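User: Please take a close look at the sheet in this model. I should like a connected account of how its strands are arranged and of what lies against them.

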Amino acid sequence: MVFFSFDEHVFSHPWEKVVEAALRKYPNPESPNVTGTDVFERKVDEKGRLCSQRIISSLWSNSYLNLIEKVAGLDMKKTFHAIEYSVLDPKERSFELSSRNYNFMDYITVDEKLVYQPHATDPNMTVLKQQWHITCKNLSFVSFFENAMGTTMMAASVKGRQGIEYVINQVREEVERIASAPIEEMQTLATNTMKEINSFQQSIGGMGRRWEENLHEELNEFIAKSGSNLIEQPQN
């Protein structure tokens with residue numbers, strides 16, 4: 001058995017604004033389970049598309065996963081790592097992302113795909129199409145576990161969309177605050193922002209060093225298992 005599901009959501013914002021929020025999505029209070037992101041490749045291809053690959057790290061905890069932990073003996077409190085491929089095509093106005101976990105693959109494989117495109121008739125709206133393909137193996141009660149993981153991922157997608165809305169509101173508030181601020185306040189804001197950026201970079205750098213070695217080892221093991229075609233990447 002394989003769990004397969006899809007969903008569609010319409011944002012009441014233009015495509016450019018939604019994509020900007022999607023690119024700035026983490027961190028946000030609606031997705032506290034995402035503990036880190038690390039871009040390890042980014043380039044503009046010959047068609048002018050921005051192609052990126054990054055690692056997304058997250059922690060998951062709910063009644064379904066707790067049951068999987070008890071029945072299967074897996075450490076579900078361990079950080080999940082996934083590789084995400086994305087293609088941003090400004091000419092075609094499409095933003096497509098595909099991801100797959102690369103630890104726990106001996107038991108659970110979760111493929112997720114998201115596509116952001118303008119609404120067909122309303123330029124002030126954006127359509128998000130999302131789908132999941134989940135496979136479990138080497139476990140008892142495979143169908144149950146696949147449905148449990150599917151339910152978990154679909155519930156997380158709702159939080160993810162709320163995170164997009166949160167970032168859009170944050171950007172709007174930043175623009176309004178800067179537009180109405182006097183010169184002295186803007187200078188103070190710029191100084192504080194630079195301090196926050198420097199502090200964040202130092203924090204990220206420290207965190208990165210702590211798990212870089214483990215990630216490198218796990219990533220090599222994942223690539224060795226999956227080969228070059230680990231995810232069906234967006235078509236050229």
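Analyst: The account below begins with the sheet and then turns to the helices, the cores and some local backbone features.

The model is a predicted one. Its sheet is open and has seven strands, in the order β1-β7-β6-β5-β4-β3-β2, with antiparallel pairing. Because β1 (3-11) and β2 stand at the edges and each has a single partner strand, one side of each is left without a neighbour in the sheet. On average, neighbouring strands of this sheet are turned by 15° against each other, direction ignored.

Each edge strand can be followed to its partner. At one edge, β1 pairs with β7 (residues 126-136) in the antiparallel sense, over nine bridges. Within this pairing, V127 in β7 stands opposite V10. At the other edge, β2 (residues 34-44) and β3 (residues 50-58) run antiparallel and are joined by nine bridges. Here R42 has S52 of β3 as its bridge partner. β2 and β3 form a hairpin, with five residues between the two strands. In the turn of this hairpin, G48 has a positive phi of about 80°.

Two helices lie across parts of the sheet. Helix α1 (residues 15-23) lies across β1, β4 (80-89), β5 (94-101), β6 (108-118) and β7. The direction of α1 is at about 150° to β6. Helix α3 (residues 142-180) lies across β1, β6 and β7, and runs at about 155° to β7. Thus β1, β6 and β7 are crossed by α1 and also by α3.

The nonpolar cores come next. In soluble globular proteins, nonpolar side chains tend to be buried together. The largest nonpolar core of this model has 18 residues, of which I68, M76, I108 and M149 touch the most other members. At least two residues of this core come from each of α2 (63-72), β6, β7 and α3. α3 provides the largest share, four residues. Leaving aside residues up to four places away in sequence, M76 touches W60, L65, I68, E69, F104 and I108. Apart from this core lies another, of 16 residues, including F95, L97, L114 and L128.

Two cysteines may be considered alongside the cores. C51 has a relative accessible area of 16% and C136 one of 6%; both values are under 20%, so C51 is buried and C136 is buried. A search of the whole structure for disulfides finds zero.

The loops contain several backbone features that deserve separate mention. Most residues other than glycine have a negative phi, and most peptide bonds are trans. P27 is placed in the loop between α1 and β2, and the peptide bond from Y26 to P27 is cis, with omega near 0°. In the loop between β4 and β5 lies R93, a residue other than glycine with a positive phi, near 55°. R93 is partly exposed, with a relative accessible area of 28%. The loop between β7 and α3 holds N138, for which phi is also positive and near 55°. With a relative accessible area of 59%, N138 is exposed.

How values were computed:
Residues are numbered from 1 along each chain as its sequence is written. This is a predicted model: local features need pLDDT of at least 70, side-chain atom pairs count only at pLDDT 80 or more; totals for chains, interfaces and linings use all residues. Side-chain values use heavy atoms; hydrogens and water are left out. Two strands pair if DSSP finds at least two bridges between them. Axes are lines fitted to C-alpha atoms, for helices over the stretch in contact, and angles run from 0 to 180 degrees between N-to-C directions. Contact means heavy atoms within 4.5 Å. A nonpolar core is a set of buried Ala, Val, Leu, Ile, Met, Phe, Trp, Tyr and Cys residues joined through side-chain atoms within 4.5 Å. Buried means under 20% relative accessible area, exposed over 50%, partly exposed in between (1.4 Å probe, protein chains only). A disulfide is a pair of cysteine sulfur atoms within 2.5 Å.
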